[in-house]
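Here's a quick walk through one structure, taking in its internal space, a patch on its surface and its charged pairs. Have the model open as you read.

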Amino acid sequence: MRSPNILLIILDTLRRDRLSLYGNPRETSPHLDAFAARSHVFTRAVAPSHWTIPAHASMFTGEYPSAHGMTQGNHLLTDQLPTLAEHLTAAGYHTVGFCNNPLVGVLLNGLQRGFGSFYNYAGATPNRPADDHVDPHELRRRFLKWFRPHARRITHGFSQSDWLFRVSLNPVLTPIWTQYINFKGNTDLSLRDALDYCNAYTADQPLFMFVNLMGAHLPYHPPADLLPRDLDPRAYEFINHLNRDSSTWASPRATPLEDWQARALLDFYDAEIAAQDRALGHFLGSLEQSGRLKDTLVVIAADHGECHGEHDLFGHTFDVHQELVHVPLVIRHPEVAHGRTIDTNISTRRLYHTLLEAAGVRVENLSLLPLLEGGFDPENGIAFSEAFAPQMFLRVIEQQAPALIERLKLMETRRAVVQGDHKLILRADAVEALYNLANDPAETHDLAASEPGRVTLLRTQLEAFTHRADPAAAQEIAPANEEVVEHLRALGYIE
């Protein structure tokens, strides 16, 4: 039998708790909810990292950030790690990407490696499938073909230069590159092109399509009809100021948000989610009506979430709390009965193994497909997440609010392990907090002092993970008591 077509949709910067699928009382995702009703819904999916580049690198290589090394905006993915697209191309798939995030589609960082075609809707010179055909304006087509590589190198330069990066954050320049240089791409246009591509595809090769949507990312400009009717009259001014001041998008706030500001943020964020869901619903509905999904494995997930002032943080740069790493995940397999809810903790880096198993490619046995039918989980319901502070943002904060760096320990690497209902966060070699996520999903009550035994158990798990992923980084973590380690080894928790 031919391997199934594969459709991987990443909803960039989408908090799990803001989807009606996962309990938001607002109907923010009715189309995804309807699709998920006939799919497998993972309730405890954990992102391997807290922002776009390391999270995508993990989904594309199957490795945690410590292992793949893509932890900064100026890093290049090593060619020692074959990517998902490279594997699928070698397995006979036709691979194509429709990407709205410039960090994935524009930067010269290796994340596009292996795709036969990669269409990017962000940046000064987006490229679309239509560009592959004869343009009635031949001079325009030739100019764009010549200019596009130069524009891409210029954009890439902003990820390599502190000075250029800081200049781009100026409130005068932010509206220019967010609105006129397509920072968020174009959700409607990219989905329309992806739909046309699917409908026109007739080759014998199975198709792998990657789609990245940026609708939930700042700046927020949702359609007015999706905003609440009782919106606070001050909300527009507050959001417009936030949209213009991009230096605040990833920086901790010196003072907490006022209640009306926090509500305004969620109002606009939820409206952006609903607008994206409306476009996604049309895309999926059209594919379903045409019969294109009958032989297609569909995976819909987020790369990470977003902080809106929780734990004194904002954006998605320094943290591994739930608002950043607890992400949505929906899988529909054409040959597996639908409608199952899966409550096991899993890492979304395993999407790499899952899609390759579906394609018949042999890799490490970490696929999620057995879980769709109630099978055994080889990782025993344990997932990890890592947050390496983006150095460019740190240097921005050093200039604007240096006291925050020390107060919030922003320079230190944070790692988390989730096992069962409990989650432990380490900050370098210090225990930051222990949480019971079942009782405290917002992570407001630290249990570390009252449950030292559980801290030791989870810390040992985290140390073993760090040694496997990056032995050099493991030296940051103080060793646990050897007697405790031997006891845990005897119980089979560590090797």
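In this predicted model, there is one cavity of 30 Å³ or more. The largest cavity holds about 40 Å³ of space. Who lines it? The lining of the largest cavity is made up of Leu11, Leu14, Leu19, Ser29, Leu32, Ile273, Gln276, Asp277 and Leu280. Sort those by character and you get six nonpolar residues, two polar and one charged. Helix α11 (residues 259-289) gives the largest share of this lining, with four residues.

Now for the outside. Val167, Val172, Leu173, Ile176, Tyr180 and Ile181 make up a nonpolar surface patch of about 530 Å². One of them, Tyr180, sits in helix α8 (residues 174-180). Is Tyr180 buried or exposed? Its relative accessible area is 64%, so Tyr180 is exposed, the cut-off for that being over 50%.

On to the charges. Side chains of opposite charge can pair when their charged atoms come close. Here the count comes to 24 salt bridges, and three of them are set out below.

| Salt bridge | Distance, N to O |
|---|---|
| Arg38 and Glu288 | 3.0 Å |
| Arg44 and Asp421 | 2.7 Å |
| Glu86 and Arg113 | 3.0 Å |

Take the bridge between Arg38 and Glu288. This pair links distant parts of the chain, 250 residues apart: Arg38 is in the loop between α1 (30-36) and β2 (40-46), while Glu288 belongs to helix α11. Arg38 has a relative accessible area of 37%, so it counts as partly exposed, and Glu288 is partly exposed too, at 32%.

Arg44 and Asp421 also tie distant parts of the chain together, with their positions 377 residues apart: Arg44 is in strand β2, and Asp421 is in the loop between β13 (414-419) and β14 (422-427). Arg44 is partly exposed at 25% relative accessibility, and Asp421, with a relative accessible area of 30%, is partly exposed as well.

Then there's Glu86 with Arg113, a pair 27 residues apart that again links distant parts of the chain: Glu86 lies in helix α4 (residues 84-90), Arg113 in the loop between α5 (102-105) and β4 (117-120). Glu86 comes out as partly exposed at 28% relative accessibility, and Arg113 as partly exposed at 21%. Which residues do shared salt-bridge partners join into one network? They are Arg18, Arg26, Asp267 and Asp270.

Key:
Residues are numbered from 1 along each chain as its sequence is written. This is a predicted model: local features need pLDDT of at least 70, side-chain atom pairs count only at pLDDT 80 or more; totals for chains, interfaces and linings use all residues. Side-chain values use heavy atoms; hydrogens and water are left out. On a 1 Å grid over the protein atoms alone, a cavity is a set of points where a 1.4 Å probe fits but cannot get out, and a pocket is an open set with protein on both sides within 12 Å along at least five of seven lines; lining residues have an atom within 4 Å of a point. Grid points are joined across faces, edges and corners, and a volume is the space filled by probe spheres set on the points. Helices (H or I, at least four residues) and strands (E, at least two) are DSSP runs, numbered from the N terminus. Ala, Val, Leu, Ile, Met, Phe, Trp, Tyr, Cys and Pro count as nonpolar, Asp, Glu, Lys and Arg as charged, and the others, Gly among them, as polar. Patches are made of residues with over 30% relative accessible area and no salt bridge: like charges are joined within 9 Å, nonpolar side chains (Val, Leu, Ile, Met, Phe, Trp, Tyr) within 5 Å. Accessible areas come from the Shrake-Rupley method with a 1.4 Å probe; for residues, only the protein chains shown count as cover. A salt bridge is a side-chain nitrogen of Lys or Arg within 4 Å of a carboxyl oxygen of Asp or Glu. Buried means under 20% relative accessible area, exposed over 50%, partly exposed in between (1.4 Å probe, protein chains only).
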